[in-house]
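Let's take a walk through this model together. Have a look around it first, and then we'll start with a single side chain and work outwards.

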Amino acid sequence: MAGNGTHRFRRTALTGAVLATVLGGGAILAACGTGGQGGQSGPSAAGSGPARLSVADSYIPLPPAGGMAAGYLTVRNDGGRDELVKVTSPGAESVTMHRSTPSSMEQVDSLDVPAHGALQFARGGTHLMIMGWQKAPALGDELELDLTFAKSGTIAVKVPVKELTYRPGQS
Ligand SMILES: [Cu+2]
């Protein structure tokens with residue numbers, strides 16, 4: 001019974017919204033900004049649902065002299081927004097998130113995973129810095145990275161060590 005009432009109310013609200021659009025485009029944006037009118041906005045808005053994450057194209061180019069290595073991967077998201085807040089590895093002392101700037105790079109504390117989008121690490125852009133390897137990396141090794149997200153918890157991925165010149169899409 002209550003459900004029916006809600007449905008009917010929604011339909012009425014929608015009709016009103018369409019009418020407002022026809023009458024003047026600005027009205028809708030203004031309504032979104034204030035929020036909460038009639039108790040119908042908020043939780044069901046696009047992009048606010050749970051994040052649905054998967055990790056693809058992960059690799060670590062073999063560092064020339066062991067020691068410090070970079071790591072790259074793509075976090076895909078078929079749901080609402082999330083945030084990568086920490087990366088650790090059982091096989092390395094420290095993993096940090098870096099962003100390249102035109103002249104150098106800077107460490108960042110978190111990285112946005114946009115709703116229905118992707119967080120992409122790539123050469124010359126956002127990357128991981130992996131230091132203090134327990135065992136010097138070699139071609140064909142895999143390093144576990146534990147990616148912790150603000151909402152989705154921790155996702156563990158096994159990242160392969162590839163040739164220094166490797167790019168995703170090559171084998
Ligand atoms: Cu860096």
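Which side chain does a polar contact of 3.3 Å join to that of His-98? The partner is Thr-96. Keep in mind that you're looking at a predicted model, so every distance here is computed from predicted coordinates.

His-98 is a handy place to begin. It sits in strand 4, and at a relative accessible area of 10% it counts as buried. Setting aside neighbours within four places in sequence, His-98 is in contact with a run of residues from Met-105 through Glu-106 and Gln-107 to Val-108, and also with Gly-125, Thr-126, His-127 and Met-129.

Two of those contacts turn up again at the metal. The copper ion is coordinated by ND1 of His-98, SD of Met-105 and NE2 of His-127, at 2.1 to 2.2 Å. Along the sequence, these donors follow the spacing H-x6-M-x21-H. Met-105 belongs to strand 5 (residues 105–108) and His-127 to strand 8 (residues 126–133), so this pair of donors ties together parts that are 22 residues apart in sequence. How buried or exposed are the other two donors? Met-105 is partly exposed, with a relative accessible area of 39%, while His-127 is buried, at 5%.

Now follow His-127 into its strand. Six of the eight residues of strand 8 are buried, so the strand is largely enclosed by the rest of the structure. Which strands does it pair with? One is strand 2 (residues 69–77), which runs antiparallel to strand 8 over three bridges; there, Gly-71 stands opposite Leu-128. Another is strand 4 (residues 92–100), also antiparallel to strand 8, over seven bridges. In that pairing, Leu-128 is the bridge partner of Met-97.

Leu-128 leads us on to the nonpolar interior. The largest nonpolar core has 30 residues, and Leu-128 is among those that touch the most other members, along with Ile-60, Leu-84, Val-87, Phe-121, Leu-145 and Leu-147. Several strands each supply at least two residues of this core, including strand 1, strand 3 (82–88), strand 6 (111–113) and strand 9 (142–149). The largest share, five residues, comes from strand 2. As a general point, nonpolar side chains in soluble globular proteins tend to be buried together.

For a feel of the packing, pick Leu-84. Leaving out neighbours within four places in sequence, its contacts include Met-97, Leu-111, Val-113, Leu-119, Phe-121, Leu-147 and Phe-149, but also Asp-109, Ser-110 and Thr-148.

What about aromatic pairs? The whole structure holds two of them. In one, the rings of Tyr-59 and Tyr-166 have centres 4.9 Å apart and planes at 70 degrees, so the pair is edge-to-face. It links distant parts of the chain, with Tyr-59 in strand 1 (residues 53–61) and Tyr-166 in the segment after strand 10 (153–162), 107 residues apart. Both tyrosines, Tyr-59 and Tyr-166, are buried, and together with Tyr-72 they form one aromatic cluster.

Last stop: the loop between strand 1 and strand 2, where you'll find Met-68. At 47% relative accessibility, Met-68 counts as partly exposed. Beyond neighbours within four places in sequence, Met-68 is in contact with Pro-63, Met-129, Ile-130 and Met-131. The C-alpha atoms of Met-68 and Ser-94 are 9.8 Å apart, with their positions 26 residues apart along the chain.

Conventions
Residues numbered from 1 in each chain as written. Predicted model: local features only at pLDDT ≥ 70, side-chain atom pairs only at ≥ 80, totals over all residues. Heavy atoms only, no water. Phe/Tyr/Trp six-rings, centres within 6.5 Å; stacked < 30°, edge-to-face > 60°. Helix = DSSP H or I, 4+ residues; strand = E, 2+ residues; numbered from the N terminus. Buried < 20%, exposed > 50% of the residue type's maximum accessible area, 1.4 Å probe, protein only. Donors = N, O, S within 2.8 Å, 3.2 Å for Na, K, Ca; no water. Pairing = 2+ DSSP bridges. Core = buried A, V, L, I, M, F, W, Y, C linked by side-chain atoms within 4.5 Å. Contact = heavy atoms within 4.5 Å. Polar contact = N/O pair within 3.5 Å; in protein donor to acceptor, adjacent residues only side chain to side chain.
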